[in-house]
Amino acid sequence: MTVHIGVDVGGTFTDFAVSIPEKNMQLLYKLPSTPERPDDAIIQGLNYFLTTHKLKPKEIVRFGHGTTVGTNALIQRRVGKVAMVTSRGFKDLLEIGRQTRPKVYDMHQDFPKPLVPRWLRYEVSERMRADGVVHTPLDEPELKEIANILREEQIDCIAVCFLHSHAFPEHEQRAAEVLRQNMSSDVSIMTSSMVYPEFREYERFSTTVLNAALLTVMSAYLDRLTKNVAKTGVEAEPTISQSGGGLMSAAYSRQYPIRSALSGPAAGVLGAAYRAKATQEPNIITLDIGGTSADVSLLADGEPSVVHSRRLAGFPLRLPALDVNAVGAGGGSIAWIDRDGLLKVGPESAGAVPGPACYNKGGVAATVTDANVILGRLPDTSLLDGRMDIRRDLAEGAIDKLAEKLSMSREDTALGIVQVASSVIVKAIRAISVERGHDPSKFSLFAFGGAGPLHAIDVAKDLGIKRVFIPPNPGILCAEGLLGSDLVADLIQPSLAVFDQNIFEVLNVAKSNLSMRANDWFAAESVDAKDQRQTWSADLRYAGQNFELAINFKNDQFNRDTALALRAEFDKAHEVAYGYSQSNEPVELVGMRVKLAGILSKPPLPKTKAGSVLKSIGSRKVSFGKNMWTETPIYRREAIPVEQNFEGPAVIEQMDSMLLVFPGDTAKIDGWGNLIIDLGQAED
Amino acid sequence: MSKLTPIEVELLRNGLTSICDEMFLAIMKSAYSTNIKERHDHSAAIFDAQGRVVVQGESLPLHLASMLGLVEVVLDRYGVEEINPGDMFLSNDPFVGRGSHLPDVAILAPIFRDGELILFVSNIAHHSDIGGMAPGSMAGGMTEIYQEGLRIPPIRIVQEDKILQDVFDLVLLNVRVPSERRGDYMAQIAANRLGNRRLKELFEKWSKEQIEGGCSAIIDAVTRRMRSSIAELPDGEYAFEDVLDDDGMGTENIPVVVNIEKKGEEIWLDFEGSGPQVRGNMNNSFAGLQASVLFALKVLVDPDGPTNHGMLEPVHIKAPEGSVVNASFPAATAARAQTCQRIIDVILGALAEAVPDRVIAACNGANGVATFSGIGPDGKYYLYMETIGGGAGGRSYKDGSDGIQVHVTNTSNLPVEALENEYPLLVDRYELIEGSGGAGKWRGGLGLRRVYRGIDHTLTFSGQGERGVKAPWGLFGGKSGGTASISLHLDDGSRQSLPIKPASFEVKPGVAVCIETAGAGGYGPPAERDIESLEDDTKSGKFSAEFMRKFYNFQN
């Protein structure tokens with residue numbers, strides 16, 4: 001028997017998904033996280049499975065792990081001590097950044113202070129020009145002087161960040177060697193060209209410093225985790241979830257800890273991707289609504305969208321990350337009347353404490369959850385299978401205060417709160433779909449998180465989406481995603497050249513360079529030839545532009561014709577993305593990328609067994625829109641028969657979430673336990 | 001259809017804002033001008049049928065006022081009956097086209113619904129060149145607007161969805177590097193088309209009456225915000241004055257004066273006493289003045305609110321015609337951003353006593369510009385312009401920011417690697433100027449030093465600096481920040497100082513151009529600065545031991 005385990009450590013909960021393919025079985029488990037020592041909850045959970053479910057440690061062949069250790073360390077600035085060595089004249093660059101302030105109209109908000117203080121930033125005489133000509137040779141004696149000073153400081157890592165090193169890394173590499181020879185072996189040396197060789201120095205330096213700052217944090221964590229996991233007898237090495245999707249080996253993660261720093265919001269998306277693949281629904285928009293925020297992302301052809309530039313704890317980060325757009329509209333988001341008299345929802349949240357008014361934990365502000373109680377969309381008795389009481393009178397009191405100011409009825413106000421929250425989410429989805437050239441009405445909405453399923457229909461209708469998917473356990477999707485992931489790496493090769501007759505030669509050189517590095521990675525991660533996958537793309541733009549479009553191509557040698565075809569593809573993509581193309585204007589190649597995957601064996605999703613007849617456990621009045629109160633039957637999710645259509649309206653209750661089917665819509669549970677709702681005619 | 005509820009208004013506003021944001025991004029990602037693609041010197045807006053701005057996307061404050069009157073000037077020239085589906089209009093002139101300087105080109109498109117004009121969309125983008133006597137169309141040394149570039153009144157550029165090639169060719173022939181500029185115009189036109197498509201989708205959800213009523217309600221909401229925010233300022237009369245260094249053409253110490261009266265929910269600003277318009281290009285059009293006033297009020301009273309036409313209603317602006325803050329034809333206006341910065345300085349200065357915890361001390365007070373052009377070693381003509389930030393003023397509870405763009409400008413720098421890849425230039429240094437932050441309980445921010453040289457060719461350099469003479473002032477006992485300067489570093493190691501607004505200087509290979517921008521004033525008496533901050537000032541190397549002794553009597 002083989003057992004696959006996925007463990008996702010979030011801020012509040014540590015989620016486990018265990019798959020035993022031979023038994024067509026999936027086990028889910030949830031424990032409160034232990035933020036000071038995140039591995040405690042992991043070990044506790046492992047022991048639970050080993051004892052309660054009688055698993056043998058040796059049967060565990062895969063151990064996928066999502067961690068926010070790096071993210072939290074950066075947010076709290078509890079990181080390693082980093083020094084920086086940079087080109088002469090540029091030690092302040094890390095502090096100047098792009099010389100902008102975060103908000104035009106805000107004189108009081110600042111970007112965070114750099115992680116490397118000014119007195120630990122050293123300049124060395126050296127300078128490369130943009131074309132690789134050495135303008136000033138590297139001054140090695142100066143470097144030795146710097147090493148002499150730094151030996152006195154208790155430095156964890158030195159980040160070497162020179163201009164133009166993304167294309168011409170020779171000075172950086174040599175400087176790293178000199179520092180290596182002159183520093184003790186417990187000090188790490190990182191170059192910017194090794195962390196992420198892409199142009200735009202500030203973003204590259206910032207990414208390098210973030211990586212450097214996390215080296216000791218991640219190593220200490222993984223040391224402790226692997227030691228404690230070993231004690232349980234489990235031999236599988238943990239593989240770590242990356243910000244851009246996919247996993248990496250623990251060894252790779254120790255070297256590039258920054259690659260997991262944005263993996264938190266990615267986990268749910270990967271869970272959705274895993275289910276989407278199994279159910280052959282390739283185009284989905286994910287909607288994850290928790291207490292404070294709604295996270296949305298888009299998967300086209302089963303592939304999550306990736307962006308290459310993000311902010312983390314206020315610092316820019318240039319690394320692939322899933323394109324997850326978060327907005328402050330969750331169940332606990334507070335509804336308020338702005339000074340202009342309009343109703344706003346969020347970003348302020350009542351959180352878990354004091355929580356929505358109806359939780360009776362001290363919250364008095366009207367929240368989205370309170371509005372849902374008024375509308376009958378949430379029960380007014382209890383949640384979490386009776387473990388948490390709901391006080392309708394408190395929800396009414398909170399909503400009434402707003403209703404009075406708006407001169408509207410209680411119900412209309414509650415409906416308005418839900419609509420405004422939906423409109424904020426719709427705006428967030430437009431930003432990742434419409435603004436990226438995707439028509440959301442051609443996608444299905446995949447809703448999860450505690451409150452996702454409750455708002456999915458409103459959001460879907462507004463966007464013209466016709467189908468909504470809700471996984472069997474909307475609250476524990478993240479851990480499941482770890483079971484469905486592969487080892488991945490993204491390699492880039494900067495290569496600035498005009499797209500002329502002979503560009504195919506430049507393309508081939510870049511390609512053979514990348515191929516070599518790809519082979520190195522496959523070897524280091526021990527990926528068998530049959531499990532190797534490569535996705536190639538070239539970054540192109542019109543000469544004079546600054547944003548590139550990635551154009552995919554096949555892994556063959558280029559010739560004149562195929563190079564020309566690549567250009568034609570670019571014109572087409574530009575037309576789609578920006579509404580115009582200039583096929584007579586020169587095009588530039590900026591770089592080449594290859595995405596590598598080492599396919600891991602993945603357990604199939606377990607099939608749900610067919611239930612019996614559909615039978616409601618009661619009914620209540622639910623508002624599905626203005627003056628649309630309907631007596632609505634309530635079902636338990638686990639009692640709904642598989643592959644059997646039923647008509648809305650319906651309320652479906654389960655322990656970790658609450659689901660709604662609107663009148664006129666049709667729903668069913670599919671073979672994998674997903675609830676699929678097909679929306680009827682768009683209503684007004 | 002009855003009146004929209006406050007909830008429906010918010011829903012419509014979200015829908016319109018989303019469209020505006022999308023137009024903004026589309027221009028940024030497909031434009032050619034560095035000003036747009038890297039520095040985001042552009043904006044997008046949606047107007048109602050009367051031409052009032054309803055929503056303005058993420059954008060530069062200076063563009064707001066140009067947007068505010070844009071439809072009006074188009075309607076003045078073409079009656080409503082002459083405006084047809086598929087039209088777009090081009091405009092940039094400060095005197096007849098509601099612009100604030102020529103490089104900001106606006107393109108406006110009417111949006112029809114069932115054959116009826118119901119909305120407008122527009123975008124404004126700062127082109128790298130609009131012709132005229134100096135590359136980049138921003139250099140000093142010009143005395144009337146004709147020298148600054150092509151003046152475009154509000155005219156049709158697109159008809160029946162087709163670009164009017166004759167007009168387009170005329171425009172392109174008058175600008176430098178037309179192949180790149182073509183891409184900028186195309187990006188702007190495409191963004192309007194995108195806006196049109198998206199609004200048509202929006203029309204499926206909202207009736208004509210709902211859109212009309214909703215737009216008015218969105219504008220009224222901003223008026224209400226503005227009124228209630230102004231009401232929070234203490235009633236009273238406030239005044240302040242300051243000077244601009246010079247106009248680059250011989251006029252020095254140009255006064256900028258404001259008298260403010262605040263009563264109830266309204267505010268009156270009178271700029272009587274400001275200097276007459278000048279020969280140099282520092283003159284501000286009324287649109288620029290309006291933008292500066294609205295900016296200053298917004299940062300003080302309602303930084304988080306949306307911007308639209310409703311902001312104007314409780315704000316009354318008076319300024320002498322033919323003055324540097326409200327110039328008349330044919331004044332040169334390219335460098336009007338410098339004057340805008342000073343207008344904001346005096347408004348903040350005047351209101352310091354009214355809202356001491358919200359104002360900040362004087363910032364670098366400039367929109368530092370450097371323009372380089374020439375024929376590079378590859379034989380190709382190039383033109384490059386950038387803006388440089390400086391110190392930001394000390395605040396009532398924390399230090400001012402070092403090396404940052406302030407007030408009306410927030411354009412990002414061009415990465416050195418991008419700059420050197422695109423132009424035959426090399427940046428020697430880009431750093432904070434030690435000692436340039438005014439002392440105070442909360443110190444002022446440091447200015448920036450940027451040193452450039454041409455690679456193997458002689459280049460032409462023009463610059464625009466301010467606060468080279470009059471240092472940025474401190475508040476409530478805080479000291480002044482360092483002043484700005486421009487100089488040449490010769491290959492023998494000597495320095496040659498240049499005027500603060502040098503026009504078309506030849507720079508030989510081996511010579512470097514050094515631009516230093518001003519720091520900023522401190523807030524509160526230096527004696528009250530805490531020990532931890534003093535130690536950090538010293539340890540960071542941002543202030544010398546001598547500076548620390550002189551202003552704080554501090555020795556480490």
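Start your tour by selecting chain B: of its 556 residues, 62% count as buried. Keep in mind as you look around that this is a predicted model.

**Stop 1: chain B as a whole**

Colour chain B by secondary structure, and you should find eleven helices and 20 strands. How does the radius of gyration of chain B compare with the globule rule? The radius is 24 Å, close to the 24 Å that the rule gives for 556 residues, so chain B is as compact as a globular protein of that length. Turn the chain to view it along its principal axes: the C-alpha trace spans about 75 × 60 × 40 Å. If you like contact maps, here is one more number. Among contacts in chain B between residues at least 6 apart in sequence, 75% join residues at least 24 apart.

**Stop 2: the two domains of chain B**

Now select residues 6-224 of chain B, which form domain 1, and give another colour to residues 360-556, which form domain 2. Taken over C-alpha atoms, the centres of these two domains of chain B are separated by 33 Å. Where they touch, 19 residues of domain 1 of chain B are in contact with 16 residues of domain 2 of chain B. What classes of residue does domain 1 of chain B bring to that side? There are eight nonpolar, six polar and five charged residues.

**Stop 3: a sheet in chain B**

Next, find the open sheet of seven strands in chain B, with antiparallel pairing and the order β2-β1-β5-β4-β3-β6-β7. Which strands are at its edges? Select β2 (53-56) and β7 (162-163) of chain B: each of them pairs on one side only.

Stay with β2(B) and add its neighbour, β1 (residues 42-48) of chain B; the two pair in the antiparallel sense over three bridges. To see a bridge up close, show Ala45(B) together with its bridge partner in β2(B), Gln56(B). In general, strands of a sheet pair through backbone hydrogen bonds, either parallel or antiparallel.

**Stop 4: helices lying across the strands**

Bring in α1(B), which lies across β1, β2 and β5 (116-126) of chain B and runs at about 145° to β1(B). Then show α5(B): this helix lies across β1, β3 (88-91), β4 (104-113), β5 and β6 (155-159) of chain B, at about 145° to β5(B).

**Stop 5: where the chains meet**

Display both chains and look at the contact, which takes 62 residues from chain B and 57 residues from chain A. On the side of chain B that touches chain A, α1 (6-30), α5 (178-203), α6 (208-231), α7 (286-301), α9 (416-422) and β14 (425-432) of chain B each supply at least two residues. Which element gives the most to this side? You have already met it: α1(B), with twelve residues. Colour this side of chain B by class and you will have 25 nonpolar, 18 polar and 19 charged residues.

**Stop 6: across to chain A**

Finally, select chain A, where there are 16 helices and 37 strands. Its radius of gyration is 27 Å, close to the 26 Å from the globule rule for 684 residues, so chain A is as compact as a globular protein of that length. The C-alpha trace of chain A spans about 80 × 60 × 55 Å along its principal axes, and buried residues make up 52% of the chain.

For a last selection, colour domain 1 (77-213) and domain 2 (487-598) of chain A. Their centres, taken over C-alpha atoms, are separated by 29 Å.

How values were computed:
Residues are numbered from 1 along each chain as its sequence is written. Chains are lettered from A and ligands numbered from 1 in the order in which they are written. This is a predicted model: local features need pLDDT of at least 70, side-chain atom pairs count only at pLDDT 80 or more; totals for chains, interfaces and linings use all residues. Two residues are in contact if their C-beta atoms, placed from the backbone, lie within 7 Å. Helices (H or I, at least four residues) and strands (E, at least two) are DSSP runs, numbered from the N terminus. Ala, Val, Leu, Ile, Met, Phe, Trp, Tyr, Cys and Pro count as nonpolar, Asp, Glu, Lys and Arg as charged, and the others, Gly among them, as polar. Domain bounds come from an automatic or database domain assignment. Two strands pair if DSSP finds at least two bridges between them. Axes are lines fitted to C-alpha atoms, for helices over the stretch in contact, and angles run from 0 to 180 degrees between N-to-C directions. The radius of gyration is taken over C-alpha atoms; the globule rule is 2.2 Å times the number of residues to the power 0.38. A residue is buried if 20 or more other C-beta atoms lie within 10 Å of its own, exposed if 12 or fewer, and partly exposed in between; C-beta atoms are placed from the backbone.
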